[in-house]
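Reader: I would like to learn how to read a protein model step by step. Could you take me through one, beginning with the overall picture and ending with single residues?

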Amino acid sequence: MDMTTASPLRRLRLVSAPEAVSFLLLLLCSVLKRTTDFNAVPVMGAVHGVLFVIYVLFWLDAWHKTKWDLKTAALYFVLSVLPTGGFFADRMLRREAEASVIAARARKEGVVNA
C-alpha cells in the first residue's frame, strides 16, 4: 500500500460512519412507525439507500486500489450491513490509512525498501 491507496480508504471511511448512523435511524424509524403515527421510513430509507450505494462504490474502489484479499474485502462489506458495523469499519480504515501513509513516507525517505 502507498499514498495512492490512502485516498480510497479515506473516502470509504468518510461514508462508513454516516451510513451506520442512517441505518440505526432507519431501524428507529421502523420501530416508531409500528408503535406511533410517526412515519419517516420512506425518507430515511432513501437516505440510507443512497449512503449504502455510495459505501459499496467506495468499497469496490478501495478493494481494487488496495489489493485486499477476499477475506478483508468481505469483512468490510459485512460490516456495512450490520447496524453498528460502520463504526468498526471506520476505526479499522483509519488505522489502515495511517499505516499506508507512514509506509509511503518511509519509502520516500529511503528508510525502507518495500
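Author: What follows is a conversation about this predicted model, going from the whole chain to its helices, its rings and a few single residues.

Reader: How many helices and how many strands does the protein chain have?

Author: The protein chain has 4 helices and 0 strands, and when it is read along the sequence the pattern is α-α-α-α.

Reader: What radius of gyration does the protein chain have, and what would a compact globule of 114 residues have?

Author: For a compact globule of 114 residues one would expect a value near 13 Å, but the protein chain has 17 Å. The box filled by its C-alpha atoms, taken along the principal axes, is roughly 65 × 20 × 20 Å. As for the interior, buried residues make up 33% of the 114 residues. Among contacts with a separation of 6 or more, 67% come from residues 24 or more positions apart.

Reader: How do I check the length of a helix, and what span should helix 3 have?

Author: One multiplies out a rise of 1.5 Å a residue, and for the 12 residues of helix 3 (residues 70-81) this gives an expected span of 16 Å, which agrees with the 17 Å between its end C-alpha atoms.

Reader: Which residues of helix 3 are buried, and where do they fall when seen down its axis?

Author: The buried residues are Ala73, Tyr76, Leu79 and Ser80. Seen down the axis of helix 3, the buried residues fall within an arc of 125°, so they line one face of the helix. On the other side of helix 3, Leu70 and Lys71 are exposed.

Reader: What describes a pair of aromatic rings?

Author: Such a pair is described by two values, the distance of the centres and the angle of the planes. In this structure a search of the whole model finds 4 aromatic pairs. In one of them, Trp59 and Trp63, the ring centres are 5.2 Å apart and the planes stand at 40°, so the pair is tilted; planes under 30 degrees apart would count as stacked, and over 60 as edge-to-face. Both Trp59 and Trp63 lie in helix 2 (residues 41-66), 4 residues apart, which is about one turn of the helix.

Reader: Are Trp59 and Trp63 buried or partly exposed, and which residues do the ring pairs link into a cluster?

Author: Trp59 is buried, with a relative accessible area of 9%, whereas Trp63 is partly exposed at 27%. The ring pairs link Phe52, Trp59, Trp63 and Phe77 into a cluster. A ring can also have a charged residue over its face, and here Arg11 lies over the face of Phe58, at 5.8 Å from the ring centre.

Reader: Which residues is Ser16 in contact with, leaving aside its neighbours within four places in sequence?

Author: Ser16, which lies in helix 1 (residues 3-35), is in contact with Tyr55, Gly86, Ala89 and Asp90 once those neighbours are left aside. With a relative accessibility of 0%, Ser16 counts as buried.

Reader: Where does Lys67 lie, and what is its phi?

Author: Lys67 lies in the loop between helix 2 and helix 3, and although it is not a glycine, Lys67 has a positive phi of about 60°. Lys67 is also exposed, with a relative accessible area of 64%.

Key:
Residues numbered from 1 in each chain as written. Predicted model: local features only at pLDDT ≥ 70, side-chain atom pairs only at ≥ 80, totals over all residues. Heavy atoms only, no water. Phe/Tyr/Trp six-rings, centres within 6.5 Å; stacked < 30°, edge-to-face > 60°. Helix = DSSP H or I, 4+ residues; strand = E, 2+ residues; numbered from the N terminus. Buried < 20%, exposed > 50% of the residue type's maximum accessible area, 1.4 Å probe, protein only. Lys NZ or Arg CZ within 6 Å of the ring centre and 35° of its normal. Expected span 1.5 Å × (residues − 1). Arc of directions from axis to C-beta. Rg over C-alpha atoms; globule rule 2.2 N^0.38 Å. Contact = heavy atoms within 4.5 Å.
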